[in-house]
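Colleague: Could you walk me through reading this model? I'm happier at the bench than with structure files.

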Amino acid sequence: QPLPISPTNAQNISELARLGKGTVNDVRWSPDGKIVAVASSLGIYLYNADNFNQFNLIESPARLIAFSPDGKLIASVLGKTIQVWDINSKQILKSLNLDSKNDYVVTLSFSPDGKTIVIGEVWMITLWDINEEISRTFKGKGLNTIAISSDNKSLVSAGNDVNLWDISTQKENLLFNPQQNNLCFIMSIVFNLNNTEIIMGD
């Protein structure tokens, strides 16, 4: 039984496999830990996490990817196009072209209920309901990262500022200004499981 990686056994770490082809842009584990997805300039490579054997290839270049909570779908970003793929059939299920100009997608994720894809650009947040195919936009402020609460009611965005949004009303509240607290830009943020705390890192 492999031991968890820790500082005490770091010297014993060894390479198990080299995955993907082309320029690798993003790597994700599926929520159940059974699949490793590698997004590259040649496509999205899918591997069995037990033996790292490739079992599928979605022949579409991707810069960012995200698994749905049930692990059956994968969302991808290339340029201004967001696509949702069925992992087994390799078929595109949904596609969205972003309207924003002179912006750049920095983060991509599914909501905890799997119904919405959260797209964070530097100056814009888009919530895309993939069942109703309806998208809503929120104004970003130098974004680096986004998180949604587990009850799907709140969204927190972080970058130049940290802002909390009510998803239903799109009302915004400024939580925190990093520069005023001797911090740099916030690069990562997450709710705890019962949504009573937010952890952020600069």
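Colleague: What volume does the second largest pocket have?

Modeller: Some ground rules before that. This is a predicted model, where local features need pLDDT of at least 70 and side-chain atom pairs count only at pLDDT 80 or more, while totals for chains, interfaces and linings use all residues. Residues are numbered from 1 along each chain as its sequence is written, and side-chain values use heavy atoms, leaving out hydrogens and water.

Modeller: Now, a pocket is an open set of points on a 1 Å grid over the protein atoms alone, where a 1.4 Å probe fits and protein lies on both sides within 12 Å along at least five of seven lines; lining residues have an atom within 4 Å of a point. Points are joined across faces, edges and corners, and the volume is the space filled by probe spheres set on them. For the second largest pocket that gives about 320 Å³. Its lining includes Pro2, Leu3, Asn9 and Leu16.

Colleague: How do the residues of that lining divide into nonpolar, polar and charged?

Modeller: Ala, Val, Leu, Ile, Met, Phe, Trp, Tyr, Cys and Pro count as nonpolar, Asp, Glu, Lys and Arg as charged, and the others, Gly among them, as polar. The second largest pocket has six nonpolar, three polar and no charged lining residues. In the largest pocket, the lining has 18 nonpolar, 10 polar and two charged.

Colleague: And which element gives the most to the lining of the largest pocket?

Modeller: Strands are DSSP runs of E, at least two residues long, numbered from the N terminus. E9 gives the most, with five residues. That pocket holds about 600 Å³ of space, and Leu108, Ser109, Phe110, Ile146 and Ala147 are the lining residues nearest its centre.

Colleague: How should I read the sheet with E5 in it, and what is the order of its strands?

Modeller: Strands of a sheet pair through backbone hydrogen bonds, either parallel or antiparallel. Here pairing needs at least two DSSP bridges between two strands. This open sheet runs E5-E6-E7-E8, paired antiparallel. E5 and E8 are at the edges with a single partner strand each, so each has one side without a neighbour in the sheet. Five bridges join E7 to E8, and isoleucine 82 sits opposite leucine 96 in E8.

Colleague: Why is the pair of phenylalanine 138 and tryptophan 165 called edge-to-face?

Modeller: Rings of Phe, Tyr and Trp (its six-membered ring) pair if their centres lie within 6.5 Å; planes under 30 degrees apart are stacked, over 60 edge-to-face, and the rest tilted. These two have centres 5.1 Å apart and planes at 85°, so they are edge-to-face. Buried means under 20% relative accessible area (1.4 Å probe, protein chains only), with exposed over 50% and partly exposed in between. Phenylalanine 138 is buried at 2%, and tryptophan 165 is buried at 6%.

How values were computed. Helices (H or I, at least four residues) and strands (E, at least two) are DSSP runs, numbered from the N terminus.
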